[in-house]
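Good morning, and thank you for making time for this presentation. Please keep the structure open while I go through it.

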Amino acid sequence: MRKMISYLAFLAGFLVLGTAHAADDIATIKAEIEAIKSDPERYQAVIEKGREAADFCQLCHGQDGNADKPGVPNLAQQNPVYLTDQFNKFANGEREDFTGVMQSLVNTLEPEDRMALAMYFADTSLKTLPYDSVKAKAGKAHFQRVCSICHGADGLGKEGYARIAGQRQDYVVDTLKMFRDKDIGKWRSRESSMMTAYVTGMDDQTLEQLAHYITSLGEGIIAD
Ligand code: HEC
Ligand code: HEC
């Protein structure tokens, strides 16, 4: 009987895990990061470990997280919970990149290295990038009405919601198209139940205006 009860308890736990998986992941990552940050010495050691591990990443993302290659996202000042969560998504195949680089890389990293890298890049400074001010202004109202609900009025995001302020336009355009069209012919795939609803049916012009506005947010909220 006791065996039966523990089996049922196990099964119930398993079912709960299945449905609340994503939220659980985010909460667990957040708690671990907060624990590290609450101990200044440990935090410094983790950042240092991340800096060393970042040598290879700089080929594409830049040593300081400012990418200078098309299609590669800036990691500088990104929120560390989001970064760690994306690592896990590359690892479990939920997210695929066009060259497979991120997926193969992630599997060579231990979970604590992933977190150290995320915390290192979160601690770097994002450089501002040029944008088209006419397009940026045209994208502002839509962003503030819709996208700000999760990413914040300033685009800084939090926890599982990416910081998008100051991100590269080319990367943002490709990413929004991936969420909208699934297949963009570049062997990349990414899905998000939250994002899809907000880009379904969006025309390319709106998408581009939003991307310019998002880049402009690297300087703070621009005037109309
Ligand atoms: C050969 C180039 C290359 C190298 C090297 C590389 N990356 Fe990437 N990385 C990319 C590309 C391209 C993407 C975007 C993939 C996509 O969305 O299709 C990406 C995406 C990411 C993302 C998701 C960011 C977001 O905003 O969602 C993280 C996190 C990341 N990389 C971390 C790293 C780290 C840490 C390293 C070093 C251990 C690294 N990458 C090395 C090319 C690279
Ligand atoms: C209901 C919440 C929600 C809303 C509203 C929302 N997003 Fe997102 N967004 C997310 C989440 C969650 C992610 C991370 C998805 C994942 O895990 O891959 C994300 C990811 C992104 C990314 C990718 C960031 C990166 O570094 O790869 C971009 C770009 C983005 N959103 C832009 C937008 C824009 C533009 C809008 C408005 C049209 C918008 N979002 C509205 C929740 C939201």
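Which residues have the most contacts inside the largest nonpolar core? They are L83, A118, M119, F121 and I214, and the core they belong to has 38 residues. At least two residues of this core come from each of α2 (21-37), α5, α6 (101-106), α7 (111-122), α8, α9 and α11. It is α7 that provides the largest share, eight residues.

Before going further, I should state that this is a predicted model. The average pLDDT over the chain is 88, and 89% of the residues reach at least 70. The exception I wish to flag is the stretch of residues 1-20, where pLDDT stays under 50. For that stretch the model has one contact beyond four places in sequence. Where pLDDT is low, the predicted coordinates should not be read in detail.

Let me turn to the overall architecture. The chain contains 11 helices and zero strands. Of its 224 residues, 32% are buried. If we take the contacts between residues at least 6 apart in sequence, 70% of them join residues at least 24 apart.

I shall now consider two of the helices individually, beginning with α5. This helix covers residues 80-91. How many of its residues are buried? The count is 10 of 12, so α5 is mostly covered, taking 20 or more other C-beta atoms within 10 Å as the criterion for a buried residue. The buried set consists of P80, V81, Y82, L83, T84, D85, Q86, F87, K89 and F90. L83, in this set, is also one of the residues with the most contacts inside the nonpolar core. As a check on geometry, the 12 residues of α5 should span 16 Å at 1.5 Å a residue, and the end C-alpha atoms are 17 Å apart, which agrees. Just after the helix, G93 adopts a positive phi of about 85 degrees.

The second helix is α9, at residues 169-181. With 13 residues at 1.5 Å each, α9 should span 18 Å; because its end C-alpha atoms are 18 Å apart, expectation and model agree. Its buried residues are Q169, Y171, V172, T175, L176, K177 and M178. Against what do they pack? Their partners are α10 and α11, the latter at residues 204-216. An α-helix has 3.6 residues a turn, so residues three or four places apart point the same way. K182 follows α9, and its phi is positive, near 70 degrees.

The next topic is ligand 2. Its surroundings comprise 20 residues, of which the closest are C147, C150, A162, S192 and M194. Which helices each supply at least two residues of this shell? They are α8 (133-151), α9 and α10 (193-199). The most is given by α8, with five residues. By chemical class, the shell divides into 15 nonpolar residues, four polar and one charged.

I close with the loops, starting between α7 and α8. S125 lies in that loop. Is S125 buried or exposed? It counts as exposed, because it has 9 C-beta neighbours inside 10 Å, and the limit for that class is 12 or fewer. Leaving aside neighbours within four places in sequence, S125 is in contact with D64, A76 and Q77. S125 also lies 7.8 Å from G65, C-alpha to C-alpha, although the two are 60 residues apart in sequence.

One of those contacts, Q77, belongs to the loop between α4 (58-61) and α5. Its phi is near 60 degrees, a positive value in a residue other than glycine. Q77 has 19 other C-beta atoms within 10 Å and is therefore partly exposed.

The loop between α8 and α9 holds two residues worth showing. The first is A153, which is exposed because it has 12 other C-beta atoms within 10 Å. Apart from neighbours within four places in sequence, A153 is in contact with Q144, S148 and I221. The C-alpha atoms of A153 and F143 are separated by 8.0 Å, the two residues being 10 apart along the chain. The second is E159, whose phi is near 45 degrees, again a positive value in a residue other than glycine. With 16 C-beta neighbours inside 10 Å, E159 counts as partly exposed.

Note on methods. Residues are numbered from 1 along each chain as its sequence is written. Chains are lettered from A and ligands numbered from 1 in the order in which they are written. This is a predicted model: local features need pLDDT of at least 70, side-chain atom pairs count only at pLDDT 80 or more; totals for chains, interfaces and linings use all residues. A residue is near a molecule or strand if its C-beta atom, placed from the backbone, lies within 6 Å of it. Helices (H or I, at least four residues) and strands (E, at least two) are DSSP runs, numbered from the N terminus. Ala, Val, Leu, Ile, Met, Phe, Trp, Tyr, Cys and Pro count as nonpolar, Asp, Glu, Lys and Arg as charged, and the others, Gly among them, as polar. The expected span of a helix is 1.5 Å times one less than its number of residues. Two residues are in contact if their C-beta atoms, placed from the backbone, lie within 7 Å. pLDDT is the predictor's confidence in each residue, from 0 to 100. A nonpolar core is a set of buried Ala, Val, Leu, Ile, Met, Phe, Trp, Tyr and Cys residues joined through C-beta atoms within 7 Å.
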